[in-house]
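User: I have a few questions about how some labels on this structure were reached. Please keep the answers short.

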Amino acid sequence: MKLLKKMCNIHAPSGEENNMKNFLLEHIEEKKNHWKVKPALHFGDDFQDNIIMVFGEPRTAVFAHIDSIGFTVKYNNELIKIGGPDINEDIVLVGKDSKGEIEGKIIKKDEESQKIFIDFNREIDRGTSLTFKVNFREDEKFIQ
């Protein structure tokens, strides 16, 4: 659960997967000597942001996205969806732009237009990516 919590806190929306890829490569490098079977690791420019771990002669492959769904900020803190996130008002988004850390709730200024915005105390740099704020239960029996 600790690993999942770390991964969920890495800012890696679609198009910015490099943060997650680097974290995973460091984690694999640190842990692989403790694994019963050591994987052959394939990654790099020819693989984009993919990481392939080969354990022996597999007949099965597992593919997973390493990016997060989220939002990109337009003018006046309007949001554009990245991926297909379901949204409700009051969901908290986080990110960072040239002026600092960002944390604000999703709001709709006009129900008819279906436009969504982030409620934040200043204008956010256009093009800034935002993801959902992680909210894990802090119940010790689940975190271990």
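User: Which residue in β4 is the bridge partner of G70?

Analyst: I82 is the bridge partner of G70 in β4. Keep in mind that this is a predicted model.

User: What makes β3 and β4 a pair?

Analyst: Two strands pair if DSSP finds at least two bridges between them. Strand β3, residues 70–73, and β4 have 4 bridges, in the antiparallel sense. So they count as paired, with 4 bridges against a cut-off of two. F71 opposite K81 in β4 belongs to the picture too.

User: What lies between the strands of that hairpin, and which residue there takes a positive phi?

Analyst: The hairpin of β3 and β4 has 5 residues between the strands. N76 takes the positive phi, near 55°.

User: Why is β4 called an edge strand?

Analyst: The open sheet has 6 strands, in the order β4-β3-β8-β5-β6-β7, with antiparallel pairing. β4 (79–82) pairs on one side only, and so does β7 (117–119). Neighbouring strands here are turned by 40° against each other on average, direction ignored.

User: Why is M53 called partly exposed?

Analyst: Its relative accessible area is 31%. Buried means under 20% and exposed means over 50%. M53 falls in between, so it is partly exposed. M53 lies in strand β2, residues 52–54.

User: Which residues form a nonpolar patch with M53?

Analyst: V37 and F55 join M53 in that surface patch. Together the three have about 230 Å² of accessible area. Patch members need over 30% relative accessible area, and M53 has 31%.

Conventions:
Residues numbered from 1 in each chain as written. Predicted model: local features only at pLDDT ≥ 70, side-chain atom pairs only at ≥ 80, totals over all residues. Heavy atoms only, no water. Axes fitted to C-alpha atoms, helices over the stretch in contact; angles between N-to-C directions. Patch = residues over 30% accessible without salt bridge, like charges linked within 9 Å, V, L, I, M, F, W, Y side chains within 5 Å. Areas by Shrake-Rupley, 256 points an atom, 1.4 Å probe, with all protein chains shown as cover. Salt bridge = Lys/Arg side-chain N within 4 Å of Asp/Glu carboxyl O. Buried < 20%, exposed > 50% of the residue type's maximum accessible area, 1.4 Å probe, protein only.
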